[in-house]
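Me: Please take a close look at one part of this model and follow it through to its neighbours. I would like a connected account, with the reasoning given where a classification depends on a cut-off.
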Amino acid sequence: MQPRSTKTTSTVVDPTAVRPAIDDVDEIIRTTPAELRGVLTQLKARGFSHLTDVGGADYLKREPRFDVVYLLTVLPTHAATIAEIGKPRRARVLCGVDEGQSVPTVYDLWPCANWAEREVFDLFGIPFSGHPDLRRIEMPDDWEGHPLRKDYPVRGPGRDRTPRPPFPGKENVGSRIPPTREAAERLRQEINERLHHGNGKSGEEKA
Amino acid sequence: MSDHLPDWIGSEGNPNNFGDPTAVLEPEPYEVVSRNDDQMVLSMGPQHPSTHGVLQVVLGIDGETVTRAEPEIGYLHTGIEKSAENLFWNQSLTVIDRMDYLAPLTNNFAFVRGVERLLGITDQVPRRAQQIRVMMAEMTRITSHCIWLGTHAIDLGAISPFFYTVDLRENILDLIESASGARMNMTYFRVGGINGDLPEGFLERLDELIAKFPRRMRDLRDLLQQNPIWTDREIGVGIISPEDAVAWGLTGPALRASGVAYDLRKIEPYSTYEEYEFDVPTRTEGDCYARFLVRLDEMEESMRIIAQVRKKLEPGPIMINEPAVALPPKPSIGLSMESLIYHFKLVSEGFRVPAGDVYGAVEGPRGEIGYYIVSSGENKPWRVRTRPPSFYNLQALRKIAAGNLIADVVVMIGSLDPVFGEVDR
């Protein structure tokens with residue numbers, strides 16, 4: 001854990017494959033869109049009744065490119081005390097999806113998947129087949145592109161750099177540093193000319 | 001816009017000509033409602049005082065009764081998750097603060113907890129830092145519930161509680177400010193500890209607060225709890241059964257008011273929570289009044305925890321002793337070359353986190369706030385996915401609003417306590 005130079009970019013294509021041993025969840029299941037519903041139905045039957053979260057991740061260079069991440073928690077579906085609930089058991093289901101593939105909805109298993117799937121669709125462009133109301137949820141309806149994709153510029157389309165206000169004065173100063181005696185003489189002449197004849201227009205034209 | 005929205009949205013707007021002051025303005029009977037079958041569609045918000053931010057609820061109504069409610073969110077989407085992917089790990093904390101702006105420190109708490117797990121340093125975070133984190137998180141919970149109670153009461157026509165709650169909130173914010181330097185968006189936590197130690201005189205002021213807190217809570221309870229107008233509006237409104245609460249992904253007070261005592265502080269204790277005695281308030285009714293009582297009880301439990309932390313607070317370091325993650329102490333920079341190098345490296349390019357993915361969650365004022373963090377081994381996160389409690393809690397409005405009166409929708413939104421910085425992120 002030494003600080004190293006940031007110049008070398010990481011070669012880790014799939015961070016989920018090289019995760020250190022952490023007990024943040026009890027089960028991690030990797031699946032495909034075709035088997036997803038079977039896996040989730042089975043988990044629900046085993047008591048994972050709380051769909052805690054549905055999120056997405058874009059790994060860009062990986063095959064398949066996206067992950068839809070389901071986080072499930074075991075919870076009783078009736079009034080229960082702390083002792084009955086006990087230490088939470090969690091399962092994470094990673095469903096690999098490629099560009100253009102769709103994922104079956106789990107809206108009928110957990111109604112809360114409705115908005116969560118809409119959000120994944122909105123921000124990653126992963127469609128959910130069978131979803132009753134698949135519209136954008138965060139971005140405007142007529143937005144183009146999916147912002148959380150890794151190839152989407154941070155500041156929006158066409159604006160991947162910080163916009164700077166035009167500052168012609170600074171450019172002029174930079175260009176007017178006289179490198180030679182002749183150039184200095186030309187500059188002095190130009191300034192004189194503008195002081196006596198010009199109204200500043202020539203400077204604008206130059207800029 | 002989609003087809004279930006009223007027709008007037010997206011139209012040319014009010015055609016009245018305001019340019020000519022002498023012209024007689026005819027009240028334009030523009031159509032606020034569109035009628036299809038027996039059901040009217042009414043748009044509430046996004047600029048509506050009782051929606052606690054920018055929420056639009058498209059209501060299908062039959063007379064005064066709501067037949068369908070469809071919340072439309074996204075008016076406060078700021079792309080915080082995308083921003084966090086482009087900042088250093090500790091810098092990400094500053095934008096993560098801004099999600100749930102009423103409880104910034106619990107957001108920080110969940111994030112640093114996830115990153116520390118990924119770094120494998122959870123056990124090395126100093127005890128004093130853990131205790132101060134707990135204290136600050138509980139203070140945040142009280143301040144957040146203060147705003148919830150004040151605004152919720154205003155929605156129902158009671159103005160006075162707002163002044164009481166804001167006064168209490170100010171007292172607590174003064175304390176937090178003295179430690180962290182800010183009243184909102186504090187960014188007080190760091191990966192591996194906290195930013196600075198408690199200032200001089202903090203504990204004395206905290207003692208004063210602890211001493212006067214029960215009186216403040218009694219005032220609040222006297223104002224509302226037995227108030228017949230309040231109980232009439234709250235009892236039996238917006239009932240969520242435990243089955244529905246779990247199926248709709250509720251967490252926090254909304255889930256506990258339905259009887260499921262799911263509280264991460266108790267069932268998955270973190271940062272010395274296992275040492276404190278406190279109860280998890282639960283109710284079984286599942287209506288708005290139950291959520292109101294659960295939150296009030298929670299404020300008292302939080303103060304109970306703070307008092308215990310204050311007693312057990314031990315002197316010691318507040319930052320992990322790991323030069324690759326923590327900034328070296330300021331005086332050492334002038335004395336040691338290594339300190340200077342580490343300081344420069346950490347400030348200019350941050351630290352790196354081993355590749356992998358992790359989920360870190362804490363119990364926030366609104367429920368389980370969690371972060372699914374993916375690191376590719378860089379000095380910036382690859383992906384920061386928030387598990388937003390308000391997002392899931394608010395969604396349940398679709399379930400509970402139908403069959404109630406329009407006026408009760410306001411009560412239900414208030415009792416679910418959404419914060420739109422977090423819903424939309």
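Reply: A helix is taken here as a DSSP run of H or I with at least four residues, numbered from the N terminus. The model is predicted, and the part chosen is helix H6 of chain B, residues 202–224, together with what packs on it.

The 23 residues of H6(B) should span 33 Å at 1.5 Å a residue, and because the end C-alpha atoms lie 32 Å apart, the length agrees with that expectation. The helix nevertheless has a kink of about 40° at B:Lys212, shortly before the proline B:Pro214. Its buried residues are B:Leu206, B:Leu209, B:Phe213 and B:Leu224, and their cover includes the chain B helices H4 (127–155), H5 (160–180), H7 (228–234) and H11 (288–312).

Of these partners, H5(B) can be described in some detail. Two packed helices are characterised by the angle between their axes and by the distance between those axes. For H5(B) and H6(B), the axes come within 10 Å and cross at roughly 165°; since angles over 145 degrees count as roughly antiparallel, the two helices are therefore assigned to that class. Their crossing is left-handed. The residues of H5(B) that meet H6(B) include B:Tyr164, B:Leu168, B:Ile172 and B:Leu175, while those on the H6(B) side include B:Leu206, B:Leu209, B:Leu220 and B:Leu224.

B:Leu173 also lies in H5 of chain B, and it counts as partly exposed because 19 C-beta neighbours fall inside 10 Å, whereas 20 or more would be needed for a buried residue. Leaving aside neighbours within four places in sequence, B:Leu173 is in contact with B:Thr143 and B:Arg183. In the loop between H5 and strand S5 (189–190) of chain B lies B:Asn185, which has a positive phi of about 50° although it is not a glycine. Most residues other than glycine have a negative phi. B:Asn185 is classed as partly exposed because it has 18 C-beta neighbours inside 10 Å.

H4(B), another of the helices covering the buried residues of H6(B), has 29 residues and reaches 42 Å from its first C-alpha to its last, close to the 42 Å expected at 1.5 Å a residue. H4(B) is itself mostly covered, with 24 of its 29 residues buried. Just after H4(B), B:Gly157 takes a positive phi of about 95°.

Notes. Residues are numbered from 1 along each chain as its sequence is written. Chains are lettered from A and ligands numbered from 1 in the order in which they are written. This is a predicted model: local features need pLDDT of at least 70, side-chain atom pairs count only at pLDDT 80 or more; totals for chains, interfaces and linings use all residues. The expected span of a helix is 1.5 Å times one less than its number of residues. The bend at a residue is the angle between axes fitted to the seven residues ending there and the seven starting there. A residue is buried if 20 or more other C-beta atoms lie within 10 Å of its own, exposed if 12 or fewer, and partly exposed in between; C-beta atoms are placed from the backbone. Two residues are in contact if their C-beta atoms, placed from the backbone, lie within 7 Å. Axes are lines fitted to C-alpha atoms, for helices over the stretch in contact, and angles run from 0 to 180 degrees between N-to-C directions. Angles under 35 degrees count as roughly parallel, over 145 as roughly antiparallel, 65 to 115 as roughly perpendicular and the rest as oblique. A crossing is left-handed if the near helix is turned anticlockwise from the far one by less than a right angle, and right-handed if clockwise.
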